[in-house]
Amino acid sequence: MNRTALLMGVVLVACVVSLGWSVLRQPSEPALPSLRVEVLNGCGQEGLAANTAQLLRDMGQDVVRVADADHHDYEHCVLIDRGGRPWLARRLAERLGGVLVVLEREAGSEVDLTLILGNDYSRALEPRSGP
């Protein structure tokens, strides 16, 4: 009887460890797909758009354009969803630290998202971990 109890205990522990390992190995959410992003400097901080573009590339995003915005008076960073997939824009915005998301579909746009960097970039662009 002691051998049976011991064997069942070992099997139970093995099952728990195996289940725990498989849960730990699985990401909490699926990886963010690569999106075509343009990065526009809306605050005039030199090199900001290029540095942010590299951050996005490191996150697996396809940065297709880096340029100045139409003006440098943007108070807040804004992520504009041009492709009509706001759930993906929100996920990327969360990864960037909670950037505001705006839906502005543009038929035939060459980009999925436009990131305009505003004066709050140092607070807004605090990358968070995630897939």
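What pattern does the protein follow when it is read along the sequence? In this predicted model, the answer is α-β-α-β-β-α-β-β-α. That makes for four helices and five strands. Of the 131 residues in the protein, 35% are buried. Take the contacts between residues at least 6 apart in sequence: 78% of them join residues at least 24 apart.

The sheet comes next. The five strands form an open sheet with mixed pairing, and their order across it is 2-1-5-3-4. Strand 2 (62-68) and strand 4 (100-103) sit at the edges, each pairing on one side only. Going from one strand to the next, the twist averages 20°.

Now for the pairings, taken across the sheet. Strand 2 and strand 1 are parallel and share six bridges, and one residue pair to look for here is Leu40 with its bridge partner Ala67 in strand 2. Strand 1 also runs parallel to strand 5, this time with five bridges; Val39 has Leu115 of strand 5 as its bridge partner. Strand 5 and strand 3 are joined by four bridges and run antiparallel, with Ile80 standing opposite Thr114 of strand 5. Finally, strand 3 (residues 78-81) is linked to strand 4 by four bridges, and these two run parallel. Asp81 finds its bridge partner, Leu103, in strand 4.

How much of strand 1 and strand 5 is covered? Strand 1 (residues 36-41) is mostly covered, with five of its six residues buried. For strand 5, the count is five of five. The side chains of strand 5 can be sorted by direction: Leu113, Leu115 and Leu117 point one way, Thr114 and Ile116 point the other way, and all are buried.

Two valines on the edge strands are worth a look. Is Val63, which belongs to strand 2, buried or exposed? Val63 has a relative accessible area of 9%, so it counts as buried, the cut-off being under 20%. Val63 and Val37 are 26 residues apart along the chain, yet their C-alpha atoms are separated by 4.7 Å. Neighbours within four places in sequence aside, the contacts of Val63 are Val37, Val39, Ala53, Leu56 and Arg57.

The other valine, Val101, is found in strand 4. Its relative accessibility is 26%, so Val101 is partly exposed. Here too the chain brings together residues from separate stretches: Val101 and Leu79 are 22 residues apart along the chain, with 4.8 Å between their C-alpha atoms. Setting aside neighbours within four places in sequence, Val101 is in contact with Leu79, Ala89, Arg90 and Ala93.

Which strands does helix 3 (residues 86-95) touch as it packs on the sheet? They are strand 3, strand 4 and strand 5 (113-117). The direction of helix 3 makes about 160° with that of strand 3. The buried residues of helix 3 are Leu88, Ala89, Arg91, Leu92, Ala93 and Arg95. These buried residues pack against strand 3, strand 4 and strand 5, and also against helix 2 (48-58). Just after helix 3 comes Gly97, with a positive phi of about 110°.

One last feature is a hole inside the protein. The structure holds one cavity of 30 Å³ or more, and the largest cavity has a volume of about 40 Å³. Which residues line the largest cavity? The lining consists of Leu35, Asp81, Gly83, Arg85, Leu88, Ala89, Asp112 and Leu113. Sorted by type, the lining comes to four nonpolar residues, one polar and three charged. Several of these names have already come up: Asp81 is the bridge partner of Leu103, Leu88 and Ala89 are among the buried residues of helix 3, and Leu113 is one of the buried residues of strand 5.

Terms used:
Residues are numbered from 1 along each chain as its sequence is written. This is a predicted model: local features need pLDDT of at least 70, side-chain atom pairs count only at pLDDT 80 or more; totals for chains, interfaces and linings use all residues. Side-chain values use heavy atoms; hydrogens and water are left out. On a 1 Å grid over the protein atoms alone, a cavity is a set of points where a 1.4 Å probe fits but cannot get out, and a pocket is an open set with protein on both sides within 12 Å along at least five of seven lines; lining residues have an atom within 4 Å of a point. Grid points are joined across faces, edges and corners, and a volume is the space filled by probe spheres set on the points. Ala, Val, Leu, Ile, Met, Phe, Trp, Tyr, Cys and Pro count as nonpolar, Asp, Glu, Lys and Arg as charged, and the others, Gly among them, as polar. Two strands pair if DSSP finds at least two bridges between them. Axes are lines fitted to C-alpha atoms, for helices over the stretch in contact, and angles run from 0 to 180 degrees between N-to-C directions. Contact means heavy atoms within 4.5 Å. Buried means under 20% relative accessible area, exposed over 50%, partly exposed in between (1.4 Å probe, protein chains only).
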